[in-house]
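Here are my notes on the model you sent, set out as numbered points. Please read them with the structure open beside you.

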Amino acid sequence: MSTGALPVRPLDAASVHELRRAAERILAEFRTSAASPALLERVAGAAKALGPAIRHQCRPVDTDDGLYVLRGLTADDAEAGPTPASWATAGDSAAVHDIELLLLATVMGNPIAWEGQQEGRFVHNIVPATGHEQEQTGASSSVLLSPHTEDAFHPGRAHLLMLGCMRNRDNIATTAASVRKVRLGDADIAELCRPVLPILPDDAYTKTQCFGGPPPSVPTLWQSEDGLTLRFDPAYTPLEQAASAYRAAYARLEAELARVSVVVSLSPGEVLVVDNDLVVHGRVPFKARYDGTDRWLKRASVRVPGRRTRPAAEAIEHGYGQTAVEAHGV
Ligand SMILES: O=C(O)CCC(=O)C(=O)O
Ligand SMILES: [Fe+2]
């Protein structure tokens, strides 16, 4: 990992072993990581039984970096098998790591899945796929994946995003920029706190056309009780519809996010945890190999019950007909 001075949280060998054993037991019972009510119940029980060391390292993000890297887990290259050619063919590839990630996500909060994305799985496979090189989705490669809030279009979006590395032979970096590090004038902040533009669903979603109602306008920045938060996805924001003052403030925010952006090149086993209210993430362009040795991440999204980082007005958004399914009852 090349992170400069970013927060790293080490997991000790006993915790790594404990997590692995818990995941193996669940996989031995269900033979798949695909979610079922019974599997999720077992995950909830096993997560509760995990020890204080894991719990401590999974505590909330506690610096203005808005992220941390969990280090210590392993992802054995031979055991993982070849990188799947696309998420659609990944199935149960390296399923024990799906369950490990789901257990950690459950320690942090409540994992979510989307009916319209990666067949409703709670852990997604992020791999480059032929024909998708230029998209603004996890499956792309040859283009810069521009900095974004994960699932910015939706009020049920994650509070935390987890990216677990299976393979990254070319050291391809994820980028991350925290709103708590940007310098913006009060007038720009006030402008960007106004709900002016919608954020439309991204291309990773199928069937988002059938929603009831016009796209809601949402604020880009918001002063929460804990400080400034953001909801930002320029690739899916119709900026041309805004007045020039708003566009100028938005451009200054974008430039500041670029200025404070850091690169995180994950090594196998490392898990990047990003606070989705503070940090926008993206990825540098790369050349896909398409030979079974490509970069391969596992992704989980987490809601944190009781967190008050979102404007009240989000509660009435339609979410474009998409539903975030929570793993565990609340
Ligand atoms: O590939 C990456 O590093 C990040 C991709 C991404 O934006 C995501 O998985 O949400
Ligand atoms: Fe993303």
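1. I begin with one strand pair, bearing in mind throughout that this is a predicted model. Strand E7, which covers residues 174–178, is joined to E10 by 3 bridges, and the two strands run antiparallel. Within this pair, Thr175 has Val263 in E10 as its bridge partner.

2. The pair belongs to a wider arrangement, an open sheet of 4 strands in the order E5-E12-E7-E10, whose pairing is antiparallel. At its edges lie strand E5 (145–148) and strand E10 (262–264), each of which pairs on one side only. Averaged over the sheet and with direction ignored, neighbouring strands are turned by 25° against each other. As general background, the strands of a sheet pair through backbone hydrogen bonds, in either a parallel or an antiparallel manner.

3. Which residues are found around ligand 1? They are Ile126, Gly138, Leu145, Glu150, Leu163, Thr174, His281, Arg283, Leu297 and Arg299. Strand E12 (279–283) and strand E13 (296–303) each contribute at least two residues to this shell. Sorted by class, the shell around ligand 1 consists of 4 nonpolar, 3 polar and 3 charged residues.

4. Turning to the helices, I would look at helix H1 (residues 13–30) and helix H6 (residues 95–108), whose axes come within 9 Å and cross at roughly 120°. The crossing of H1 past H6 is right-handed. On the H1 side the contact involves Leu19, Arg20, Ala22, Ala23, Glu24, Ile26 and Leu27, which meet Ala95, Val96, Ile99, Glu100 and Leu103 in H6. By class, this contact of H1 with H6 has 9 nonpolar and 3 charged residues, with no polar ones.

5. For the chain as a whole, the protein has 8 helices and 14 strands. Its radius of gyration is 19 Å, which is close to the 20 Å given by the globule rule for 330 residues, and the protein chain is therefore as compact as a globular protein of that length. Taken along the principal axes, the C-alpha atoms of the protein chain fill a box of roughly 55 × 45 × 40 Å.

Terms used: Residues numbered from 1 in each chain as written. Chains lettered and ligands numbered in written order. Predicted model: local features only at pLDDT ≥ 70, side-chain atom pairs only at ≥ 80, totals over all residues. Axes fitted to C-alpha atoms, helices over the stretch in contact; angles between N-to-C directions. Left-handed = near helix turned anticlockwise from the far one by under 90°. Contact = placed C-beta atoms within 7 Å. Nonpolar A, V, L, I, M, F, W, Y, C, P; charged D, E, K, R; others polar. Pairing = 2+ DSSP bridges. Near = placed C-beta within 6 Å. Rg over C-alpha atoms; globule rule 2.2 N^0.38 Å.
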